[in-house]
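Biologist: I'd like a close look at one part of this model, please. Walk me through it slowly, and then show me how the rest fits around it.

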Amino acid sequence: MKKKEVPQDKSNLESANFRELCYAVDEDGKYTTANSSGWEPKTVALNNAIEEINERIEDAKNRVQKGETSPIEYCMELHKMDVGILASYVGLWQWRVKRHFKPAVFKKLNNKTLQKYADVFEISVDKLKKLE
Amino acid sequence: MKEETIINFTHHQAAHCENGVVSNLMKHNGFSVSEPMVFGIGSGLLFCYIPFLKVNHAPVFTYRAMPGLIFKKFAKRTGVKMKREKFSNPKDAKARLDENLKKNNPVGLQVGVYNLLYFPDEYRFHFNAHNMVVYGKQGDRYLISDPVMEEVTSLSDKELEKVRFAKGAFAPKGHMYYPVSFPEKLEFEKAIVKGIKDTCKTMLAPIPIVGVNGIHTTAGMIRKWPKKKDVKTANHYLGQVVRMQEEIGTGGGGFRYIYAAFLQESAKLLNNEKLNELSKEMTEIGDLWRDFAVEASRIYKNRSAKTDSYNKVADQLDYIADLEKVFFKKLKKAV
């Protein structure tokens, strides 16, 4: 990549007000560095990934309303987590976390367990319950 | 009274976090070591498909060595002694950090990205292999030199604890590292040769998921996605290949440009003209990786699942793999 080819496309980096550093060759073929404000192929990939996550959140929300899953799954999606990550945050086995997705099981959860989830999601137990 | 310890530390922006931390810590200790040098000597360049693991519900590919490995190899090969610590208890982790700052010793930390508040929201995923330097404390705020950022920044006590004890794959567990002793003079020549030999060995390894073979395997997987998965999933998977290639600062070449810069610098140090030629070749290969990313992004931008277009990008990857095979064989002989 030549220095003048270092991409200067619009990207999400702008919101945090920084540009990334890239290595590129100057006119004499020598390696040097240049700042890049972003690159479209990367931005598109990132935006698609975000969109995918938003769809998952929306889907989980609908299923909570229909009584098909518990608020825990919704919050998990909201925090871009999957079952493995959530399980390691609350310190439970994955199968237990999955079981807590069942609304009937969720209703019977004791406060101690609910508190673990609430802490990870940074909300109160009441709020977690109310999401149902 | 406000507690204050600020170490006189110079922040240099880097393309990639781990190289940057090592390079900045070395510079702090009076050794001028560039980022590409760290990357090359530490054998950072890689291609690997990681089976059985899913991140963001998609398969995982990596273009660089495991977190911490670059520093480990770099230190071993240059004769720098370094200390690495992991903690089970956040309190101990904080105490050790404070102790080091008091001793005027800036330290490297491995952290999770999800709770790094100064990152743009869109970049905050559960990715646990980010690196930064802590170089001071003002009241309850830690002063942070994050190599991918243009400027230094800071995090509160609580915020820092959260990123140091992020959970999930590659959980950092408070991982802290810093050099403790240095040789009188850094022996670059031997270290460079070792670094290059190691990279050639891994890239040419006879294992289907690693190096050149790994690229071929990935190409094969890409060919199957439009047939086996629905449009969305196939697009999502392909996007992941590009996103992993495109960590911050790779400039599209999946770290190939940084490696080319390393070869160019080494050519001078070793007085080896062949490395200059190879650096040019690596730059061209980097350009091909860029072309691959552009072509792949066209597919997921248009949300198409035409088998043809998937085959086309897979062909590009196969071609890159063939070139890299020849390249690393030549590189092995050049040193």
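Which residues of chain A does UniProt list for "domain: HTH cro/C1-type"?

Modeller: Sure, and keep in mind that this is a predicted model. The UniProt record, an unreviewed entry, puts "domain: HTH cro/C1-type" at residues 107-128 of chain A. In the model that span is 73% helix and 0% strand, and its end C-alpha atoms lie 11 Å apart. The last residue of the span, A:Leu128, belongs to a nonpolar core of 20 residues that also includes A:Ile72, A:Phe106 and A:Val120. That core is separate from the largest one.

Now for how chain A meets chain B. The contact takes 33 residues from chain A and 44 from chain B. On the chain A side, strands E1 (20-25) and E2 (31-36) and helices H1 (40-65) and H3 (83-90) each supply at least two residues. H1(A) gives the largest share, with 9 residues. By class, the chain A side splits into 21 nonpolar, 6 polar and 6 charged residues.

Over in chain B, have a look at helix H7 (residues 211-228) and helix H11 (residues 307-334). Their axes come within 8 Å and cross at roughly 175 degrees. Because angles over 145 degrees count as roughly antiparallel, that is the label for H7(B) against H11(B). Among the residues that meet here are B:Ile222 and B:Trp225 from H7(B), and B:Leu317 and B:Ile320 from H11(B). The contact as a whole has 12 nonpolar, 4 polar and 5 charged residues.

Some of those names come back in the core. The largest nonpolar core has 112 residues, and B:Leu317 is one of those that touch the most other members, along with B:Val134, B:Leu238, B:Ile258, B:Tyr259 and B:Ala296. Helix H10 (residues 273-301) of chain B provides the largest share of this core, 10 residues. Leaving aside residues up to four places away in sequence, B:Leu238 touches B:Ile222 and B:Trp225, plus B:Ala296, B:Ile299 and B:Tyr300.

One last stop is helix H3 (residues 69-78) of chain B, which is mostly covered, with 7 of its 10 residues buried. The buried ones include B:Phe71, B:Phe74 and B:Arg77. Around them, the buried residues of H3(B) pack against helices H1 (17-28), H2 (35-41) and H6 (188-203) of chain B, as well as strands E4 (81-85) and E9 (176-181). Just after H3(B), B:Gly79 takes a positive phi of about 85 degrees.

Definitions and conventions: Residues numbered from 1 in each chain as written. Chains lettered and ligands numbered in written order. Predicted model: local features only at pLDDT ≥ 70, side-chain atom pairs only at ≥ 80, totals over all residues. UniProt positions renumbered as here; feature names shortened; annotations may be inferred. Helix = DSSP H or I, 4+ residues; strand = E, 2+ residues; numbered from the N terminus. Contact = placed C-beta atoms within 7 Å. Nonpolar A, V, L, I, M, F, W, Y, C, P; charged D, E, K, R; others polar. Axes fitted to C-alpha atoms, helices over the stretch in contact; angles between N-to-C directions. Parallel < 35°, antiparallel > 145°, perpendicular 65-115°, else oblique. Buried ≥ 20, exposed ≤ 12 C-beta atoms within 10 Å, placed from the backbone. Core = buried A, V, L, I, M, F, W, Y, C linked by C-beta atoms within 7 Å.
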